[in-house]
Amino acid sequence: MSVKILFADDEPKVRATVTDILETLGYEVTTAVNGSEALQKLEKQTPDLIISDLEMPVLDGLGFLREIRSRPVLSDVPVLILTGYSEQFFSCIQSGADLYMLKPFMDMKRLSRKIQRILDLHARQAPVDSLQKDLPDIEVDELLSALRVTKWSGTALVRFKKEKAVFELHSGQLTILTCEGKTDEEAFEHVLEWMPGSYTLEFLPQTVKKTEETETQMETPDLTKPVPIGKDTWWVGYRNPDTMLQMNVYLRVFKSDKGRINYVIDPGAPVDFPEVSQKIGQIIGDISKVGVVSLNHQDPDVCMNTVYIKAANPKLLYICTEDTWRLVYHYDLDPKNVRMVNKFKDFELNLTTGHRIKYLLSPYCHFRGAFLTYDPETQILYTGDLFAGLSLGDRIRNLWADEKSWEGMAMFHRIYMPSNKAIKLVIQQIRKLSPKVKMIAPQHGDIIPENQIEFFLSSLEKLEVGVDLLKEETAKEDTRPYVDALNEILEGTYKRIAPEVAAARIQADPVLKTGMTLAGGKVTKLEGTAQVLVERMITAVLADEPVAVSNYIKSLVVKALVMRRLPAVTINWEGNESETVIDQTV
């Protein structure tokens, strides 16, 4: 396949000259007269390279460049800027340009070498460590482009002959440049005087100064937009303020010179579909371009949106296990389009793009037919309900896991997982994966970054869930842990609900009136099945409370029970209680 280039310039003679040069070099060229027209053409096709003039009417080159970098599907397309003024180079580089050249130019050999070098860099996706050596016959902008491709953050010390410059980078983007006592534009003008030659690159990550923005970027991304989590990979889910059970949907775009495959992992529930489809559309155009969906298990919150994607693309392929297919078949999915992981050789799928996907069976986590999806290139493991969690309190606005995520994760697994043995068997498989997992992306709750993976693997390996929590019946149940838990919950509840109001609601429930003794706002005695009394008290206290108060109190419940290793209670984790059940016997 020929390399496709989009070239934007408002001068007809320049367009014709540059187009002739590029076509002589064997490239397929599409032209536009300004940045606005170029954006319209980009909606129809993503090129391998964009070349743009800087001075154009309607939308100039700098505005065009910023538009490109703001769009996820275009953010990694290399851009070469043409300008008649070298003092504009620094602004272009800071705005996301890969290369620059002065106009007018007639050096076809230099242009060809620049284009080929940047295309090779993007095709190889070389790790940053591979650049930590002498770099022969390279220009400054090519060096910066090589760093941008790696998305590395830190400080790079660049030496050229007897001079040196310091590049501060964030996700591969140049943020600060210092050289010979000068900074930014002045420093860049000095660096431009360096001739093409051999550079030495040294990385000094320990000198990176973290700003408030870089500290919080991973913790608080803009969840109204697609969030990039890896190479050509995005979180496209929705954070619903009315529930603690948040849904994560992921889009992976596999692309090479052999084609492109848009792959969605666990497409989600109908209530989230407007947000999910909108985010997917921002990246690939619309949902009709989704070619494959992976269905971890059959629950509607995992895969019901498959029905809508199938309506847009009848050729949609479904990846699942045989056990899952027996159930999702009833969503009226086409049997001809299902591909079962149980039948893949070595549980691997080789895509036509040249990429490989690895699948791991995860029986009874939580469904018999559940499985994990591993992308060896990005080293992201998609785990469905395993490692999922409830989003407690402020964590509804969070996407990245830290140790504070553990309480919600532990409660989720105690509610849904049948036994610790099932979890351990899957974690053993995860530890054997090669290359090593660098991110865990569950269907609910927070995404686990590399530096937190071992903490959650170890914690989950030791967690008692399901049948592990069933105790042998004794003549008299020890209710003291439940009394302590209830009092901790009530203490927090009184910060949002007046004690007399909470007490009145508890006393209004006939079962609680006889089974729970209150004195001075505290529980002093339980008579009956403690777990049932806890469930009824939470339901009674939450009656008619707004979602914010309800979710706050549910967070107290999670913490109090998890800390005492008590079983999960059956309450509505996905929303507020609509009515109180009063006919359950104790």
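This briefing describes the fold, two of the sheets and one pocket of the structure above.

The model is predicted, so that local features need pLDDT of at least 70 and side-chain atom pairs count only at pLDDT 80 or more, while totals for chains, interfaces and linings use all residues. Residues are numbered from 1 along each chain as its sequence is written, and side-chain values use heavy atoms, with hydrogens and water left out.

**Overall fold**
- The protein has 20 helices and 26 strands, where helices (H or I, at least four residues) and strands (E, at least two) are DSSP runs numbered from the N terminus.
- Of the 586 residues in the protein, 54% are buried, meaning under 20% relative accessible area with a 1.4 Å probe and protein chains only.
- Among the contacts (heavy atoms within 4.5 Å) with a separation of 6 or more, 65% are between residues 24 or more positions apart.
- About 27000 Å² of the protein is exposed, and carbon and sulfur atoms supply 51% of that area, as given by the Shrake-Rupley method with a 1.4 Å probe.

**Seven-stranded sheet**
- An open sheet of mixed pairing has the order β12-β13-β14-β15-β16-β17-β18, two strands being paired if DSSP finds at least two bridges between them.
- Its edge strands, each pairing on one side only, are β12 (227-230) and β18 (338-340).
- The twist averages 25° from one strand to the next, with axes fitted as lines to C-alpha atoms (for helices over the stretch in contact) and angles running from 0 to 180 degrees between N-to-C directions.
- Helix α9 (residues 273-284) packs on this sheet, where it touches β13, β14 and β15 (259-265), and its direction makes about 20° with that of β14.
- Strands β13 (residues 233-235) and β14 (residues 250-256) run antiparallel and are joined by three bridges, with tryptophan 235 opposite tyrosine 250 in β14.

**Six-stranded sheet**
- A further open sheet with mixed pairing follows the order β19-β20-β21-β22-β23-β24, and its edge strands are β19 (348-350) and β24 (448-449).
- Helix α14 (residues 420-432) lies across β20 (356-361), β21 (371-375) and β22 (380-384), running at about 155° to β20.

**Second largest pocket**
- This pocket is an open set of points on a 1 Å grid over the protein atoms alone, with protein on both sides within 12 Å along at least five of seven lines.
- The volume of the second largest pocket, taken as the space filled by probe spheres set on the points, is about 1500 Å³.
- Its lining comprises 45 residues, of which Thr46, Pro47, Asp48, Lys255 and Arg260 lie nearest the centre, lining residues being those with an atom within 4 Å of a point.
- Helix α5 gives the most to this lining, with five residues.

Technical notes. Buried means under 20% relative accessible area, exposed over 50%, partly exposed in between (1.4 Å probe, protein chains only). On a 1 Å grid over the protein atoms alone, a cavity is a set of points where a 1.4 Å probe fits but cannot get out, and a pocket is an open set with protein on both sides within 12 Å along at least five of seven lines; lining residues have an atom within 4 Å of a point.
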